[in-house]
There are 2 protein chains.
Amino acid sequence: MSKTDVTDSATQKKELNEYEQHYFTSYDHFGIHEEMLQDTVRTLSYRNAIAQNKDFFKGKVVLDVGCGTGILSMFAAKNGAKHVIGVDMSSIIEMAKQIVELNGLSDKITLLRGKLEDVVLPYKKVDIIISEWMGYFLLYESMLDTVLYARDNYLVEGGLIFPDKCSIHIAGLEDSKYKGEKLNFWQDVYGFDYSPFIPLVKREPLVDTVENSSVNTTKCKLIEFDLNTVTIPDLAFHSKFKLQAKRQDFINGLISWFDIEFPAPKGNKPVTFSTGAHATYTHWKQTVFYLEDDLECEANDILEGELTCLPNKDNNRDLDIKIVYNFKASGPDGKERSRKGTNTYLMH
Amino acid sequence: MSKTDVTDSATQKKELNEYEQHYFTSYDHFGIHEEMLQDTVRTLSYRNAIAQNKDFFKGKVVLDVGCGTGILSMFAAKNGAKHVIGVDMSSIIEMAKQIVELNGLSDKITLLRGKLEDVVLPYKKVDIIISEWMGYFLLYESMLDTVLYARDNYLVEGGLIFPDKCSIHIAGLEDSKYKGEKLNFWQDVYGFDYSPFIPLVKREPLVDTVENSSVNTTKCKLIEFDLNTVTIPDLAFHSKFKLQAKRQDFINGLISWFDIEFPAPKGNKPVTFSTGAHATYTHWKQTVFYLEDDLECEANDILEGELTCLPNKDNNRDLDIKIVYNFKASGPDGKERSRKGTNTYLMH
């Protein structure tokens, strides 16, 4: 039988009765909130970025987009914000209300349940937007569009967004054993040929932790978004990359991750964090794209390519990703080892 | 942001266009099928049960309820079935069709997409029903009701169901460290009191693997279902249990699991498997119910109780589980250590 997590029922249920409006309902899972709160890289980066800019938060009106359990709202309130408005469409916000009250912050934090586009905020403009909107591969199932809506409709001229800079990075990866097992499994499933699954396996990016020692090329920044100016159409991007092999090895796929930077209005060092294989674990892990080819590389061989990322036409929460690559091997057998390819992926 | 698996879109989409009717769509995840196929205890038990009863399958009409990728249908076809009908409402059945054809079994296997209650079978009666319908804690999100519908509407008098016997078991568990961490986390979340989450953590059964060495009481069979005769109302059950502590320890919770048995019409030894902590890993793992109390036990102390399991009124795919217990400690400090309690849980 199929075992799937239950999608947040708040998005499925049309009407909420009185009980459900006031209390966290039985249909909500707290596990995802536990995972996010226990991700200390994520949560402490927000706390540090806010605490470090205490002087800036002082007396300001703050909007927390997708506030969840209210942790970022409470960080802002504790660091001097005049008033924080937290908005979330999930019933988790009913738990957030209890927690905010328990922690004596009800006079400083107003929590509103609903879509940001629908709720009526008690202010026409806010001074600061805070939001933890990032998804896997930064953009998958992200809430960035809602953050940009908040910016365009509520952020005062010169207001700040925490965080406001994010970038996606890519590198080459050796992963022969796992890639082989993952693909070969379908060749012989209890004596039956299940190979029609192989193209599906190949086009599904893997969200997983990768050993940094398996990264075997230089890295390359694919794209950077400045949240102060980026628009929704910009999120459908097309970027070139150029990677150089660091050793004799196989490049079986590409690994990607994102980096985050918070504003530093007082001129101090900005708070940043990375979700790369070189950095401390986060619940975003890394995203791996297996290549059709296993590229046999020597040190300094060049892997050039282009990555295109677009929302899927049929389901705009999914991402269509295309990677075109040109591996140029050098040396006496360089011609033999060189490969060109076009691989398509669907993040769903 | 929330990260939830995408629920099988087949259950969400009302209409299917022509393309979607004929091909596995981009919205379906194969990961759950990979996990189930790679569960060798599960899959080989079905294969062995069918292969061992080859003589019985010979020339028979078989119905595979919730056929998924078609593996059980192919086992039946390879072992002499005259015709196998596989039914599944998920679009995974489009992959099953490709696989069945690739393996040269299209003349023996007919795959129908839809709810069993809606599809028109090419036979009025079938000789054998096969189905892998089991969920966590046996009954959570299980397809057993559909199997019973198939039995009542399609199974010939004297026909067999593979498997046909299943039982749920319970025992005491020492798990102080993890239970403590799981509950204490919410006492201080980055300096804030998140204790309103604690009752939610307590009422959520955990699906996880447990070390058999942590099981510290005798075990007890809660209930057994005979699929030949059980009815849907029987699945809402109430059972007593009596467990005896095996050593001086803490009983922090109860662990439950299920066992499965296949028919053996030719008188040979039935194929069975267990999902208990004492048995080989399966993707069903075990289900843990933390008790409100941490019971300080000595060898031979008695933990008696009653477990009630009912479908949740608001969402009948969820289970309401109630455990009433009476821990009777003996010895000079027995009175002090004895505890009574009533704990309620929601599997969702």
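Okay, let's start with the dimer contact: 69 residues of chain A and 70 residues of chain B take part, where contact means heavy atoms within 4.5 Å. Quick housekeeping: this is a predicted model, so local features need pLDDT of at least 70 and side-chain atom pairs count only at pLDDT 80 or more, while totals for chains, interfaces and linings use all residues. Side-chain values use heavy atoms, with hydrogens and water left out, residues are numbered from 1 along each chain as its sequence is written, and chains are lettered from A and ligands numbered from 1 in the order in which they are written.

Back to the interface. Chain A and chain B bury about 6,000 Å² between them, and 64% of that is on carbon and sulfur atoms. Buried area here is the accessible area (1.4 Å probe) that two parts lose on being put together, summed over both.

How many salt bridges are there between chain A and chain B? Two, with a salt bridge being a side-chain nitrogen of Lys or Arg within 4 Å of a carboxyl oxygen of Asp or Glu. One pairs the side chains of Glu34(A) and Lys182(B), at 3.2 Å from N to O. There are also 10 residue pairs in polar contact across this interface, both residues at pLDDT 80 or more. A polar contact is a pair of N or O atoms within 3.5 Å; within protein, one must be able to donate a hydrogen and the other to accept it, and residues adjacent in sequence count only if both atoms are side-chain atoms.

On the chain A side, the helices that each supply at least two residues include α5 (71-78), α6 (92-102) and α9 (198-203). Helices (H or I, at least four residues) and strands (E, at least two) are DSSP runs, numbered from the N terminus. That side divides into 34 nonpolar, 20 polar and 15 charged residues. For that split, Ala, Val, Leu, Ile, Met, Phe, Trp, Tyr, Cys and Pro count as nonpolar, Asp, Glu, Lys and Arg as charged, and the others, Gly among them, as polar.

Now symmetry. A rotation of 180° with 0.0 Å of shift along its axis puts chain A on chain B, RMSD 0.0 Å, by least squares on the C-alpha atoms of residues with pLDDT of at least 70 in both. That is the relation of a two-fold axis. The same surface serves both copies, with 100% of the contact residues of chain A recurring in chain B.

Inside chain A we have domain 1 (13-132) and domain 2 (166-347), with bounds from an automatic or database domain assignment. Their C-alpha centres lie 33 Å apart. The two domains bury about 1,200 Å², 66% of it from carbon and sulfur atoms. In domain 1, Val41(A), Gln52(A) and Asn53(A) lose the most area to domain 2, together 37% of what that side buries. Between the domains there are zero salt bridges but four residue pairs in polar contact. α3 (40-52) of chain A gives the largest share of the domain 1 side, seven residues.

Last, a few local things. Arg317(A) and Glu141(A) meet in a salt bridge at 3.4 Å, N to O, and this pair links distant parts of the chain, 176 residues apart. A cis peptide bond joins Phe162(A) and Pro163(A), omega about -10°, and Pro163(A) sits in the loop between β5 (155-162) and β6 (165-173). In chain B, Phe162(B) and Pro163(B) are also joined by a cis bond, omega about -5°. And Phe137(A) has a positive phi of about 50° although it is not a glycine.
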